[in-house]
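Trainee: Could you take me through one part of this model slowly, and set that part in the context of the chain and its partner?

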Amino acid sequence: MASADTAVVSPPRAGLRAPLGGAALTRGAAVLWISLIVLLPLAAVLSRGFSDGIGHFWSSITDGEAMAAIKLTLISSLIVVSVNAIMGTLIAWVLVRDDFRGKRLVNSVIDLPFALPTIVASLVLLALYGPNSPVGIHLAYTKGAVIAALLFVTLPFVVRSVQPVLLEVDREMEEAAASLGAPNHRIFRSIILPNLVPAMVAGCGLAFARAIGEFGSLVLLTGNVPFKTEAASVYIYGQVQTGDYSGAAAVSVFLLAVSVGLLLALNLFAGWRTRHERA
Amino acid sequence: MSAPSLGVRLGLRSIVLLYLAALIIVPVGLIFYRTFEHGLSQPIDAVTSADGQNAFWTTIICVGIAVPLNTVFGVMTALVLVRQDFRGKSLLNALIDIPFAISPVVIGLALFLVYAPRNSWFGSWLMDQGVQVIFSVPGMVLATIFVSLPFVVREVMPVLREIGTDQEEAAETLGASPWQTFWKVTLPAIRWGVTYGVVLATARALGEFGAVSVVAGSNLSMPLFVRKEFEGFDLSGAYAAAIVLAILAMAVLLSMSYLQKRSQRVAEEEGDEDRELPGPGVFVPHLETGGAGAPPHT
């Protein structure tokens, strides 16, 4: 691709490429915009989280209720991500390799959790699994409700990461293995799965980052009982309502550190893999 | 598994369909049924109530300010990140993903700590100027801008990398001003990326709940109206408002897949076969691999 060559060979010449009257001006505007909207509020949370010293930060996140909320969030997210790794891959496989009527409709249903507002997700799950459940399953106000809500909102990540990889996978190796008499589960384990693992890892990472911060879908569904069904984000909301901003900021900094650390690790993993493959 | 037996295929297919039915299809279908089971008048009354109309217009204001601003600054930021080199570029690039990475409640809290009337960085000064941000509509607008910020940038960046700079350079050589080059060369080339970004940002902005709920005070947007109706034991009102939001979400999905098909057709007509095909779904989980300085994928 010609564009790749130009990008690598000649560094962009300042002034030439900028459409809005000078590179410095557009750069300044972009930096100012992101700083004002993202960086400034972020800095406020960080500084408030540590405003009373690191000791206070630590005691805020190890406080009984906060700790219970963090634990619930981390454990539920781990469970949800594990289910997603299996079900997401399975869904992707069925969508790529299987053929049946209505497949395109099923494919578009996968995107619904991304598009549907989270509060609607909460209400929707409550209608089926709440106190008036028509099927007699009462998940509402239990830990199961946390799991169900997180499964709903994180559904697309693994499916949409794995699907394009499966579409591109070379079928010849599978056919060769099959013609040599390898059983299906063996073909899946030693030929298909290794190709999918990087996409599964990426999808799971994004799903985990989403799960630990999730708020809207939990609000109506879980009852938000402290020490029982109160997730970390709901705890933060409660602390803001009662005016404990430092406590809220401390738990926020913790969540922030986990998800930013995770995304950073995923980026490094992806970068390492790209270099590894090219070499 | 080039040819798994029919039994295996049917088994896996049933597991997948049952899972999706239990998690998404039946619950979503059920609230449509519950909303309309007693006729149309109740849900219509609920969403056209004073609170309902208020919430609707507040949402329109938030979306109407957030999406255009994020579009203009998003295209600009994408251009800066792809076409310029400067110190701190990877930091700027990483900051774009922050709204995806952090909890909506944390975003709300963050705005609170900067702009709240008391105990904040600028809140009391702004109050002296007669501007109230938190517990008022400006705070809701800021929260909406924050959560919908990454979409245009992230949709436009890969397109900019792909189109390269040949045509822009040609235009400049022929004497076009930077403005002319942008309007006549760059913008037409990235139009689909911008469109996707705008659609996705609009969907996110319409439905945002967590960040807005922290800073809204007693103001209502559509998602906040859903919660208020639910907590006031007015289930039919909550369902009706949720249905409005769900229909908007489905409209977004439909328009996205329509746009993707159209852009694909246009690309084929223009004979541009190298063009990257859109993924199998509407929403592609974005992960900027390799940092901002990475060369385009070859």
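Mentor: What follows begins with a single helix of chain A and then moves outward to the domains and to the contact between the chains. Since this is a predicted model, everything said here describes computed coordinates. The part I would choose is helix α12 of chain A, residues 232-242, where eight of the 11 residues are buried, so the helix is largely enclosed by the rest of the structure. Buried here is a matter of counting neighbours, with 20 or more other C-beta atoms required within 10 Å of a residue's own. The residues of α12(A) that meet this criterion begin with the run A:Ala232, A:Ser233, A:Val234, A:Tyr235, A:Ile236 and A:Tyr237, and they also include A:Gln239 and A:Val240. Just after α12(A) comes A:Gly243, whose phi is positive, at about 90°.

Turning to the chain as a whole, chain A is divided into domain 1, spanning 13-49, and domain 2, spanning 54-278, and the C-alpha centres of these two domains lie 32 Å apart. Their contact takes four residues from domain 1 of chain A and seven residues from domain 2 of chain A, and the side belonging to domain 1 is made up, by class, of two nonpolar, one polar and one charged residues.

Between the chains, 104 residues of chain A are in contact with 95 residues of chain B. On the chain A side of that contact, helix α2, residues 23-49, gives the most, with 17 residues, while the side taken by class has 76 nonpolar, 19 polar and nine charged residues.

How values were computed: Residues numbered from 1 in each chain as written. Chains lettered and ligands numbered in written order. Predicted model: local features only at pLDDT ≥ 70, side-chain atom pairs only at ≥ 80, totals over all residues. Domains from an automatic or database assignment. Contact = placed C-beta atoms within 7 Å. Nonpolar A, V, L, I, M, F, W, Y, C, P; charged D, E, K, R; others polar. Helix = DSSP H or I, 4+ residues; strand = E, 2+ residues; numbered from the N terminus. Buried ≥ 20, exposed ≤ 12 C-beta atoms within 10 Å, placed from the backbone.
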